[in-house]
Amino acid sequence: MPASVLIVDDEKNILLTLSQSLQLAGYQTHLASSGQVALDVVSARPVDAVLMDVKMPDMDGLTALARLTELKPELPVIMMSGHGTIDTAVKATQLGARDFLEKPIARERMLVALRNVLKHQAAMEELQELRAQLGRYDMVGSGPAMQRIFSLIQRTAPSEGRVLITGENGTGKELIARALHQNSRRKGQPFVKLNCAAVPHELIESELFGHEKGAFTGAVSVRRGKFELAHEGTLFLDEIGDMPPAMQAKLLRVLQEGELERVGGAETLKVDVRVIAATNKNLEKEIAAGRFREDLYYRINVVQIHSPPLRERREDLPDLINTFLGEACAKNGRRPLTLSPEALAVMSAYDYPGNVRELRNLVERLAILCEGPVISRTDALELLPRGRAVVVPPVVENGTAAVAAPPSPMPSEAELMVAASTPAPALATPAPTAAPAPAPTGFRPRVDRTFREQVEDAEREIILHVLAHTHDNVTEAARILDLERGHFYKKMKALGLRRGQSES
Ligand SMILES: Nc1ncnc2c1ncn2[C@@H]1O[C@H](COP(=O)(O)OP(=O)(O)OP(=O)(O)O)[C@@H](O)[C@H]1O
């Protein structure tokens, strides 16, 4: 997707000339005739960089710059001036401008300045992403359930004992497995993961044990399996309850003897691997139903750690929300948002079927959509899936509930869409006052956005909605929308949407 540049100048000719030059160089452009319109544009749509004149009527460029950096601290702004004095340039830099161009603008100089600021920005975002990924292994929560988990991790990690982690999807089972590895003697060695539910049955043996060249059609070269890759480290077998019975027998042998053969191979290989398994199924029931081997169960279940669903440990919600909110604001270049007690009450009443993963995704949506700086009860209500949010009475100032409110209906899809769509026009023309009446479908056309922009708004909303429903599972979302996965990814990218914290 081309980078988008917002050009701010009160002179129409300059706007058009610069826009033409940038478009020829492959950029997408937005135009604003004043500082105020520029502020509206950046709060309404993704903009990668701003080119702004210093001298403008109404709001001068330096004031607009100060407001812009307050609104979007990460957004790179390049100032332009025909009356460039050292003083203005210094002031602009102090206010956060990344560069300063003198008018008349030399095309090449402008393109170099833009390339530089965008490169710098991309490097900063990558760094933030890495930090966020590292932070993922930090487990948040201080209630009794988490304390019990921490204590079990502390006592079990240094041993060689196999661990079975149980719990619903999204409750942090993988985090627990990683924490066990990180706190074990094996921590400098590999941590290898295999999701048994995600690999087709016919491929699982070669995934685990590897294969020799020519072992089956498609085995064009020798491949080491997860056990070999995890040698001296830890192998995390996620969703072990989905392992096919034939494989369960083969796994049992490796666990008992520490030996394996690659598919199609004659050589016996010795491996030293600590196995940690996880499941969202009740394995005792699976054994009773004949779907899981009892002997394997006893082999993997030396110590069991249960990760309870989030609805059973609501005491951790404030910590989790604050942590995720801080991460999401940093990741999306927003100033920190705070959660009002009313919003916390609404979020605490919801049951989170997708557990912590769902909470993380919801909070990231809040950080992107909420106009802030304080997240209100309405923001929280609009965020939660329709029909599933428990409507709690509003809270009065002293923090206690006011007269019980009648159960207010959840907003309709169309209302949510209008509330979530962005208010500001991209062009310098002020928006006409009267908005068109809603169409018979409930869709409310907007006169301040083009047809294409409104279609994109709707597409963005639909995708976010379905991703929230699938807990950020892109494959599943693509399936629901009947789109090819690659096309769905491209669409997300074109709309400026990112996959957020989803992990498979
Ligand atoms: N206690 C926690 N503190 C911080 N983040 C957490 C916590 N528990 C879970 N998460 C976050 O929730 C998401 C899901 O966690 P994780 O993948 O560990 O769950 P899981 O139980 O293994 O899920 P699945 O069964 O679907 O594989 C991740 O983004 C993880 O960082």
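In the predicted model, the contacts of D53, once its neighbours within four places in sequence are set aside, are made with V8, D9, D10, G61, M80 and S81. The residue itself belongs to strand β3, which covers residues 49-53, and D53 is classed as buried because 24 other C-beta atoms lie within 10 Å, where 20 or more are required. An unreviewed UniProt entry lists D53 under "modified residue: 4-aspartylphosphate"; this annotation is taken from the record, and annotations of this kind may be inferred rather than shown by experiment.

One of the residues in contact with D53 is D9, which is found in the loop between β1 and α1. D9 is likewise buried, since 27 other C-beta atoms are counted within 10 Å. Apart from residues up to four places away in sequence, D9 touches I14, L15 and D53. D9 also comes to a C-alpha to C-alpha distance of 6.3 Å from S34, although the two are 25 residues apart in sequence.

The strands around this site are linked through β1. Strand β1, residues 4-8, runs parallel to β2 and is joined to β2 by 5 bridges; in this pairing V5 has T29 as its bridge partner, and I7 is bridged to L31. The connection between these two strands passes through helix α1, residues 12-24, and the resulting β-α-β crossover is right-handed. Strand β1 is also parallel to β3, to which 4 bridges join it, and here V8 is partnered with M52 of β3. With 4 of its 5 residues buried, β1 is therefore largely enclosed by the rest of the structure. Strand β2, residues 28-32, is mostly covered as well, 4 of its 5 residues being buried.

Further along the chain, a cis peptide bond occurs from K103 to P104, with omega near -5°. P104 is located in the loop between β5 (99-102) and α5 (107-135).

The shell around the ligand consists of 19 residues, among which N169, G172, K173, E174 and V356 come nearest. In composition, this shell divides into 4 nonpolar, 8 polar and 7 charged residues. Two helices, α7 (173-182) and α15 (355-369), each supply at least two residues of the shell.

The backbone at and before helix α15 includes two residues other than glycine with positive phi values. Y352, for which phi is near 45°, is placed in the loop between α14 (341-349) and α15, and Y352 counts as buried because 21 other C-beta atoms lie within 10 Å. N355, for which phi is near 55°, lies in helix α15; N355 is buried too, given its 23 C-beta neighbours inside 10 Å.

Helix α8, residues 201-209, has I204, E205, S206, E207, L208 and F209 as its buried residues. In an α-helix there are 3.6 residues a turn, so residues three or four places apart point the same way. The cover over the buried residues of α8 includes the strands β7 (191-195), β8 (210-211), β9 (223-224) and β11 (259-260), together with the helices α9 (226-229) and α10 (245-257). Immediately after α8, G210 adopts a positive phi of about 80°.

Over the chain as a whole, the secondary structure amounts to 20 helices and 16 strands. The chain has 504 residues, of which 33% count as buried. Of the contacts formed between residues at least 6 apart in sequence, 70% join residues at least 24 apart. The contact between D9 and D53 described above and the approach of D9 to S34 at 6.3 Å, C-alpha to C-alpha, illustrate on a local scale how residues apart in sequence are brought together in the model.

Note on methods. Residues numbered from 1 in each chain as written. Predicted model: local features only at pLDDT ≥ 70, side-chain atom pairs only at ≥ 80, totals over all residues. Buried ≥ 20, exposed ≤ 12 C-beta atoms within 10 Å, placed from the backbone. Contact = placed C-beta atoms within 7 Å. Pairing = 2+ DSSP bridges. Right-handed = clockwise from strand over helix to strand, strands pointing away. Near = placed C-beta within 6 Å. Nonpolar A, V, L, I, M, F, W, Y, C, P; charged D, E, K, R; others polar.
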